[in-house]
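Subject: Structure handover

Hi there,

Here is the structure I promised to pass on to you. Please have it open while you read, and my notes follow straight after it.

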Amino acid sequence: MIFKEYDPIKKKMFQVIDNDGKVINPKYMPEISDELVLKAYKDMLFARTSDLMILSYQRQGRIFTYPPNYGQEAISGAVAQVMRKEDWLVPAFREMGAYLAKGASLKEIFLYFMGYEDGVNFKNAENFLPYSVPIASQLPHAVGIGYEIKYKKKDQIVFTFVGDGGTSEGDFHEALNFAGVWNAPVIFIVQNNQYGISTPFKVQTASEGIAIKSYAYGIKGIQVDGNDFFAMYKAVKESHESARRGEGPVLIEAITYRRGPHTTSDDPTKYRLNAEEEAWAEKDPLKRLKAWLIDRELYDEETEQKLIEDYKKEIDRQFIEAENYGPVPIEDIFKYTYADMPEDLKQQMVEYQKFLQWKEARGL
Ligand SMILES: Cc1ncc(C[n+]2csc(CCOP(=O)(O)OP(=O)(O)O)c2C)c(N)n1
């Protein structure tokens, strides 16, 4: 049981492979087929290729903004292999692999960052809440869903994500407290990528880490090398099984590094050094998993180049579809907050329609 051996009080981070993809903890190597590992790697590569493409679309002025996942792909990559259709995903905004696994399309992700409400309608994804930009506000929602699951004795689990900065919000503590009190089946995944925009982790909390905070709420917790796919997979799988057995919530602190900017509006060279970025590049999650695959002769560079070429074409295809989405009805701006639009909102909508007619009549 990893939760006993890696009890946060022991101050040990759970790891299975080293920076070169060598297994250093065979006892806890998860039972996972080569096919599934290869699929996970391809999922991570697709997410990374998309990320890099989006960055260039944004630089060409074709999309407003975007928060890259670069360097954090193993976390979502692991969740993607464990999360079932019936499970819930309550996201933050930096876990693309998990969105795609839930059934969101890249086109929808693009639409969201182009400003369309339809970007969070997720036509083919069940049990998926919209992204949450107000930091940590998603966590009490996740616990509410978890409480309902427990109350109605459903076989479902909630996966929810937050960043290290988000753990300083009151919502984080309230959510963990009630998840513990209600023994709700919620897996909290903290992507500790070392920064909340420019705020380094060491000034985020006086605590030695996040996983240890599970003690305060009486729930399971574990600190995991978030750039180690196998460790993440094992931790997520065991958390999922434990929550399904009715053993309540789990707090996973995934140690990682945001290799790119916070968003496309940020310049990380203003607050961190090259040496730090280079040290983390050594721990890159794709590099490590790829080394493991190559070592087992399951993969090679040629396959990778071919995959990237195919992915780029597919990403471009979906991006162009999103670009050609066209205008949406004005009602869309107003209709999503309430099931029935309240009177004051209806009034605002009418006023806005009048304003647009006024503008049009004057050729503005
Ligand atoms: C309640 C709230 N406060 C401030 C912000 C502005 N803001 C956007 S992202 C961010 C940092 C979040 O850091 P972290 O939780 O570590 O997640 P990361 O961006 O590193 O994934 C802040 C402060 C916000 N969106 N919501």
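Below I go through the sheet, the core, the ligand shell and a few single residues.

One thing to keep in mind first: this is a predicted model.

**The sheet**

Let's start with the strands. Five of them form an open sheet in the order β1-β2-β3-β7-β6, and the pairing is parallel. At the edges sit β1 (88-90) and β6 (220-225), each of which pairs on one side only. From one strand to the next, the twist averages 20°.

As background, strands of a sheet pair through backbone hydrogen bonds, either parallel or antiparallel. Here, β1 pairs with β2 (residues 158-163) in the parallel sense over 3 bridges, and L89 stands opposite F159 of β2. Helix α6 (residues 138-151) packs on the sheet, where it touches β1, β2 and β3 (186-192). The direction of α6 makes about 165° with that of β2.

On its way to the next strand, β2 is joined to β3 by 6 bridges, again in parallel. F159 turns up here too, standing opposite I187 in β3. At the other end of the sheet, 6 bridges join β6 to β7 (residues 250-255), and these two also run parallel. K220 has V250 as its bridge partner in β7.

**How covered are the strands?**

In a regular strand the side chains alternate between the two faces of the sheet. For β2, both faces are covered: V158, T160 and V162 are buried on one side, and F159, F161 and G163 are buried on the other. That makes 6 of the 6 residues of β2 buried.

What about β6, which is an edge strand? Since 6 of its 6 residues are buried, β6 is largely enclosed by the rest of the structure. K220, I222 and V224 point one way from β6, while G221, Q223 and D225 point the other way, and all are buried.

**The nonpolar core**

The largest nonpolar core holds 89 residues. Those that touch the most other members are V79, V158, I187, I189, M232 and I252. You will recognise V158 from β2 and I187 from β3. Setting aside neighbours within four places in sequence, M232 is in contact with A74, I75, A78, V224, G226 and A254. One of these, V224, belongs to the buried residues of β6.

**The ligand shell**

How many residues surround the ligand? There are 15, and the closest are I135, G163, G165, G166 and G196. Sorted by class, the shell has 5 nonpolar, 7 polar and 3 charged residues.

G163 is a good one to click on, as it lies in strand β2 and is also among the closest to the ligand. G163 counts as buried because it has 26 C-beta neighbours inside 10 Å, where 20 or more is the cut-off. Leaving aside neighbours within four places in sequence, its contacts are A92, R94, Q191, N193 and G196. G196 is likewise one of the residues closest to the ligand. For a sense of distance, G163 and D228 are 65 residues apart in sequence and 18 Å apart in space, C-alpha to C-alpha.

**Two more residues to look at**

Is K234 buried or exposed? K234 is a lysine in helix α9 (residues 229-244), and it counts as buried because 24 C-beta neighbours lie inside 10 Å. Apart from residues up to four places away in sequence, K234 touches I2, V16, Y28 and P30. K234 and E351 are 117 residues apart in sequence and 55 Å apart in space, C-alpha to C-alpha.

P140 lies in helix α6, the helix that packs on the sheet. With 18 other C-beta atoms within 10 Å, P140 is partly exposed. Not counting residues up to four places away in sequence, P140 touches D171, E174 and A175. P140 and S33 are 107 residues apart in sequence and 35 Å apart in space, C-alpha to C-alpha.

Happy browsing, and do write back with any questions.

Best wishes

Methods: Residues are numbered from 1 along each chain as its sequence is written. This is a predicted model: local features need pLDDT of at least 70, side-chain atom pairs count only at pLDDT 80 or more; totals for chains, interfaces and linings use all residues. A residue is near a molecule or strand if its C-beta atom, placed from the backbone, lies within 6 Å of it. Ala, Val, Leu, Ile, Met, Phe, Trp, Tyr, Cys and Pro count as nonpolar, Asp, Glu, Lys and Arg as charged, and the others, Gly among them, as polar. Helices (H or I, at least four residues) and strands (E, at least two) are DSSP runs, numbered from the N terminus. A residue is buried if 20 or more other C-beta atoms lie within 10 Å of its own, exposed if 12 or fewer, and partly exposed in between; C-beta atoms are placed from the backbone. Two residues are in contact if their C-beta atoms, placed from the backbone, lie within 7 Å. A nonpolar core is a set of buried Ala, Val, Leu, Ile, Met, Phe, Trp, Tyr and Cys residues joined through C-beta atoms within 7 Å. Two strands pair if DSSP finds at least two bridges between them. Axes are lines fitted to C-alpha atoms, for helices over the stretch in contact, and angles run from 0 to 180 degrees between N-to-C directions.
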